[in-house]
Amino acid sequence: MSRARRILVIDDELQIRRFLRTGLAVQGYEVVEAESGAEGLKAVTTSNPDLVVLDLQLGDMDGLDVLRRIREWSWLPILILSVRSREAEKVRALELGADDYITKPFGMPELVARVHALLRRMPAVAGQPVFAVGQLSVDMVRRQVFLEGREIKLSPKEYALLQFLARHAGKVVTHEQLLTEVWGRSHVEDGHYLRIFMRKLRQKMERDPARPRYIVTELGVGYRLLAPDQFVIAEAEAS
């Protein structure tokens, strides 16, 4: 028998958490509560939620920072709940990866309808905190990279490149996508940035940077971080 869909509520207001717990439980959802941003980030990795309801006005950190951290490794549906009603605030949250936005005060029927809609559109499992292929593993929560059991130190830009490739493992990521993600839209023509940092990244994570095993070049298009099944096939063909 499958378990009930699990909703993680990150909100520092006890009354709001109680209201949500009662209303969502009536609909058959299991509710996990977190009263701070730090507690919420931990719960995302430990409670295996199907959807996150996130307040932006938290006591210990801004909800947008929590949203940004979650989106570093997971594409779980995130419904923003906030007193911030300005259009710019909503646009910012959506740009950072939120899936929907409700302004306080709100009605339970509306919230439940939006939760239903998000869960219908999203897969049951939207991401994993650790990506592993061959002897390489990327812990996207702790922002650590290990190769053959040893941690390798990456610069912020090197890590950002690897993380973005890991989030799209098995797929070709274009030069423009990488430049926009890591350096911003104003640098989409600065391909030399990408070549320099990709060379540095390969020097740290490849046995032979000239013959990369993990990050392969798609000539004229971009790069691909091999997915586990692709890696096994490539290793077999190389042997």
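**A buried arginine, a hairpin and the aromatic pairs**

Arg202 is buried and yet has no salt bridge, the nearest side chain of opposite charge being that of Glu206, 5.2 Å away. Because a salt bridge requires a side-chain nitrogen of Lys or Arg within 4 Å of a carboxyl oxygen of Asp or Glu, that separation of 5.2 Å does not qualify. This is a predicted model, and the values discussed here should be read with that in mind. The residue belongs to helix α8, which spans residues 191–205. What joins the side chain of Arg202 to that of Thr217 is a polar contact of 2.9 Å. Once its neighbours within four places in sequence are set aside, Arg202 is in contact with Pro209, Pro212, Ile215, Val216, Thr217 and Tyr223.

From here one can turn to the aromatic rings, of which the structure holds 4 pairs. In one of them, the rings of Phe19 and Phe106 have centres 5.7 Å apart and planes at 55°, so the pair is classed as tilted. This pair links distant parts of the chain, with Phe19 in helix α1 (residues 14–26) and Phe106 in the loop between β5 and α5, 87 residues apart. Are these two rings buried or exposed? Phe19 is partly exposed, with a relative accessible area of 38%, whereas Phe106 is buried, its relative accessible area being 14%. Another pair, formed by Tyr214 and Phe231, is stacked, with 5.0 Å from centre to centre and 5° between the planes. It too links distant parts of the chain, since Tyr214 lies in the loop between α8 and β11 (215–218) and Phe231 in helix α9 (residues 228–238), 17 residues apart. Tyr214 is buried, at a relative accessible area of 2%, and Phe231 is likewise buried, at 7%. Elsewhere, ring pairs link Trp183, Tyr193 and Phe197 into a cluster.

The loop that holds Phe106, between β5 and α5, also contains Pro105, and its bounding elements are β5 at 100–103 and α5 at 108–121. The peptide bond joining Lys104 and Pro105 is cis, with omega at about -10°.

Strands β6 (residues 130–133) and β7 (residues 136–139) offer a further local feature. The two strands pair in the antiparallel sense over 4 bridges, and they form a hairpin with 2 residues between them, in whose turn Gly134 has a positive phi of about 55°. Strand β6 has a covered face, made up of Phe131 and Val133, and an uncovered one, made up of Val130 and Ala132. On the partner strand, β7, it is Val138 that serves as the bridge partner of Phe131.

Positive phi values also occur in residues other than glycine, and two of these lie in loops. Arg143, in the loop between β7 and β8 (144–147), has a positive phi of about 60° although it is not a glycine. With a relative accessibility of 41%, Arg143 counts as partly exposed. Asn48 is found in the loop between α2 (37–46) and β3 (51–55), and its phi is near 55°, again positive in a residue other than glycine. At 47% relative accessibility, Asn48 counts as partly exposed.

Key:
Residues are numbered from 1 along each chain as its sequence is written. This is a predicted model: local features need pLDDT of at least 70, side-chain atom pairs count only at pLDDT 80 or more; totals for chains, interfaces and linings use all residues. Side-chain values use heavy atoms; hydrogens and water are left out. Buried means under 20% relative accessible area, exposed over 50%, partly exposed in between (1.4 Å probe, protein chains only). Two strands pair if DSSP finds at least two bridges between them. Lys and Arg count as positive and Asp and Glu as negative; His and the chain ends are not counted. A polar contact is a pair of N or O atoms within 3.5 Å; within protein, one must be able to donate a hydrogen and the other to accept it, and residues adjacent in sequence count only if both atoms are side-chain atoms. Contact means heavy atoms within 4.5 Å. Rings of Phe, Tyr and Trp (its six-membered ring) pair if their centres lie within 6.5 Å; planes under 30 degrees apart count as stacked, over 60 as edge-to-face and the rest as tilted.
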